[in-house]
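Me: I've got a structure open and I'm not sure how to read it. Could you walk me through a few features?

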Amino acid sequence: MMTKTLFSLGLTSALFLAGCTIPAEEVEEDVDSTEAELSAPTCAPSIAAGAVAAKHKAMLNTIAFTEGTAGTCGQDGYNTMYTHRCFSSCNRHPNIAITGGGWTSTAAGRYQFLNRTWNTLGYSTFNPKNQDLGAMKLISRRGVTLPTTRALTATEFSNTMKKISYEWASLPFSPYGQPTVSLSRTRAKYCSFAGC
């Protein structure tokens, strides 16, 4: 069984392997956060309520599960950085390069967006609603259209994983050679959310 830390490699490591790093001068310094800051209202999961269809949220919950961010940092992962460090405000992507497990990454948020990737999505803030919408945009960019009224069939699910594993390296079929969650375990988690 893989540990939560291994799951956190996900998109972070995948994009690092693909050469998606940022120059040191673009990285902000990290500061310690207090408990009050970690529960900042800008990161409240309730901000994402209704942002995407329920069946789409099931896929996003599955991605957060495989990335190891679901339920972390007191805000269901919306304020989680690479290596499970927490940040204090979702007003913007924190853009802090963190080294751990042999990788350096700026991955942040429930779906572990690299700062460079986040900047291509066009959202003004990094709040939970925009994180959900941004993850859906990445899914769409990979040529996947998720149904809004039903769960994916087993075949559809497998085909979806093959496509979006290029965004999230923790998913089955990821080509990046990192630890992944098995297809059967990922499908079971998805079905627990989507009601297959």
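Reply: Sure, let's begin with salt bridges. This is a predicted model, and a search of the whole structure finds 4 salt bridges. One of them joins Asp132 to Lys57, with the closest N and O atoms 2.5 Å apart. Asp132 lies in helix H6 and Lys57 in helix H4, so the pair ties together parts that are 75 residues apart in sequence.

Me: Is Asp132 buried or exposed? And what about Lys57?

Reply: Asp132 is buried, with a relative accessible area of 0%. Lys57 counts as partly exposed, at 21%, because the cut-off for buried is under 20%.

Me: Which residue forms a salt bridge with Glu167?

Reply: That's Arg142, and their closest N and O atoms are 3.0 Å apart. Glu167 sits in the loop between H7 and H8, while Arg142 sits in the loop between H6 and H7, so this pair links parts 25 residues apart in sequence. Glu167 is buried at 8% relative accessible area, whereas Arg142 is partly exposed at 33%. You can also look up Glu156 and Arg150, a salt bridge with its closest N and O atoms 2.8 Å apart. Here Glu156 is partly exposed at 27%, and Arg150 is partly exposed at 37%.

Me: Now helices. How do I read which side of a helix faces inward?

Reply: Start with the general idea: an α-helix has 3.6 residues a turn, so residues three or four places apart point the same way. Now take helix H7, residues 154-164, where the buried residues are Phe157, Ser158, Thr160, Met161 and Ile164. They cover an arc of only 160° around the axis, which puts them on the same side of H7.

Me: What do the buried residues of H7 pack against?

Reply: They pack against H4, helix H6 (128-141) and helix H8 (183-194). For a look at H8, find Arg187, which belongs to that helix. Arg187 is buried, with a relative accessible area of 19%. Arg187 and Ser158 are 29 residues apart in sequence, yet their C-alpha atoms are 8.4 Å apart in space. Beyond four places in sequence, the contacts of Arg187 include Phe157 and Leu152.

Me: Which residues touch the most other members of the largest nonpolar core?

Reply: Met59, Tyr111, Ile139, Ile164, Trp168 and Tyr190 do, out of the 41 residues in that core. H4, H6, H7 and H8 each supply at least two residues of the core, and the largest share, 5 residues, comes from H4. Try clicking on Ile139: among the residues it touches beyond four places in sequence are Met59, Ile164 and Trp168.

Me: And backbone angles? What should catch my eye?

Reply: Most residues other than glycine have a negative phi. Two exceptions here are Asn95, with a positive phi of about 50°, and Gln112, also with a positive phi of about 50°. Asn95 is in the loop between helix H4 (54-67) and strand S1 (98-100), and Gln112 is in the loop between strand S2 (103-105) and H5. Asn95 is buried at 8%, and Gln112 is buried at 1%.

Me: What does the side chain of Asn95 make a polar contact with?

Reply: With the side chain of Asn115, at 3.4 Å. Asn115 is found in helix H5 and counts as buried at 10%.

Me: How far should I trust all this?

Reply: Check pLDDT, the predictor's confidence. The protein chain averages 84, and 80% of the residues score at least 70. Over residues 1-39, though, pLDDT stays under 50.

How values were computed:
Residues numbered from 1 in each chain as written. Heavy atoms only, no water. Helix = DSSP H or I, 4+ residues; strand = E, 2+ residues; numbered from the N terminus. Buried < 20%, exposed > 50% of the residue type's maximum accessible area, 1.4 Å probe, protein only. Polar contact = N/O pair within 3.5 Å; in protein donor to acceptor, adjacent residues only side chain to side chain. Arc of directions from axis to C-beta. Contact = heavy atoms within 4.5 Å. Core = buried A, V, L, I, M, F, W, Y, C linked by side-chain atoms within 4.5 Å. pLDDT = per-residue confidence, 0-100. Salt bridge = Lys/Arg side-chain N within 4 Å of Asp/Glu carboxyl O.
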